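Visitor: I would like to learn how to read a few features of a protein model, step by step. Could we begin with the cysteines, and go on from there to strands and pockets?

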Amino acid sequence: MHNFFYGWYFKCQSETQTLAVIPAVHRSGQEGLCSIQIITENHVWNVDYPASAFHRTERDIWIGKNRFGERGILLAVHTPELDLDGEVSFGPLSPIKYDIMGPFSILPFLECRHSVRSMRHSVHGKFFVNRKEYLFQNASGYWEGDQGYSFPREYAWTQCSFPEGSLMLSVADVPIAGFHFRGIIGVVLWKGREYRLATYLGARAAQVRDGLLRIVQGNLELEARLLEKVRNPLKAPSNGNMTRTIHENAACRAFYRFRKGENTFFSFQTDRASFEYEL
């Protein structure tokens, strides 16, 4: 059996609370497992399941009694460290116009393929995490996915929902046939319009250093700046095994600015950004 992983990332966020969930299945050689990672502002839990607990239908992923998909999320996780129950439903999804990988989607042997399933949708419901209530009433949601065999050696990723918009941006080392290049994929949803920044559209990283990502594509410029240390450890795939440790803040301080020529669409600081910075 070849090495692989397949996982989805969901974020549910109210004005005061954030909870992200990552259901995944992974295999290295003959060894297979699936897992659920739960991320809040200050804590991370990882729960492993046998590969037989994973089931995928046309609309959903199931891991044991836990369901994930376009209708929402149902969670029932009970371990000595984590007691988690609850359910949220999603409003209409906001998919992007076409595959975020663009022409790279047809290339074989990529170590990681990204997908964006919904840039923004409403979330309704609640979870109880070790007896603490996470209540989502007309809250905001985001949904993406990854598949392949390993996360990039070096990368940065950020996502943020905000009034009238949502954005995601990833800058990563991409190995192909013995060569490496810095790949960029990003989407800004602003006042109902989609703006895409990507290597295959001519985007380049004008600055990548010390938590700053500044991407330029023609007369478009997107800046994302991490304003605090990334602290929460997550498990990530390396040759199909979830043995790598990365770090993410599900809700942290960051600065974003997006402009076209002399026109600045938005410029703001927030404490609701999600950030991974592995550069």
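Visitor: How many disulfides does a search of the whole structure find?

Guide: A disulfide is called when two cysteine sulfur atoms lie within 2.5 Å. In this model, which is predicted, a search of the whole structure finds zero disulfides. Cys34 is in no disulfide, and the nearest cysteine sulfur, which belongs to Cys112, is 19 Å away. Cys112 is likewise in no disulfide, with the sulfur of Cys34 as its nearest, 19 Å away.

Visitor: Does Cys34 count as buried or exposed, and what about Cys112?

Guide: The cut-off to keep in mind is that buried means under 20% relative accessible area. Cys34 counts as buried because its relative accessibility is 0%, and Cys112, at 16%, counts as buried because that value is also under the cut-off.

Visitor: Let us turn to the strands. Which strands does S10 join by bridges, and how do they run?

Guide: A general idea comes before the case: in a regular strand, the side chains alternate between the two faces of the sheet. Here, strand S9 (residues 83–90) is joined to S10 by seven bridges, and the two run antiparallel. One pair to look for is Glu87 with its bridge partner in S10, Lys126. On the other pairing, S10 and S11 are joined by 14 bridges and also run antiparallel, and there Ser118 has Trp143 in S11 as its bridge partner.

Visitor: What happens where S10 turns into S11, in the hairpin?

Guide: Two residues lie between the strands of that hairpin, and Asn130 takes a positive phi near 50°.

Visitor: Where should I look for the largest pocket, and which elements line it?

Guide: One can start from the volume, which is about 220 Å³ for the largest pocket. It is lined by 19 residues, of which Asp99, His114, Ser115, Val116 and Gln147 are the closest to its centre. Strand S1 (4–13), strand S10 (112–129) and strand S11 (132–148) each give two or more residues to this lining, and S10 gives the largest share, five residues. By class, the lining has eight nonpolar, six polar and five charged residues.

Visitor: Which element gives the most to the lining of the second largest pocket?

Guide: The second largest pocket holds about 160 Å³ of space, and its lining residues include Gln13, Arg120, Phe162 and Arg272. S11 and strand S12 (155–162) are the elements that give two or more residues to it, with S11 giving the most, four residues. Its lining divides into three nonpolar, six polar and three charged residues.

Note on methods
Residues numbered from 1 in each chain as written. Predicted model: local features only at pLDDT ≥ 70, side-chain atom pairs only at ≥ 80, totals over all residues. Heavy atoms only, no water. 1 Å grid on protein atoms, 1.4 Å probe; cavity = no way out; pocket = protein on both sides within 12 Å on 5 of 7 lines; lining within 4 Å. Points joined across faces, edges and corners; volume = space filled by probe spheres on them. Nonpolar A, V, L, I, M, F, W, Y, C, P; charged D, E, K, R; others polar. Pairing = 2+ DSSP bridges. Buried < 20%, exposed > 50% of the residue type's maximum accessible area, 1.4 Å probe, protein only.
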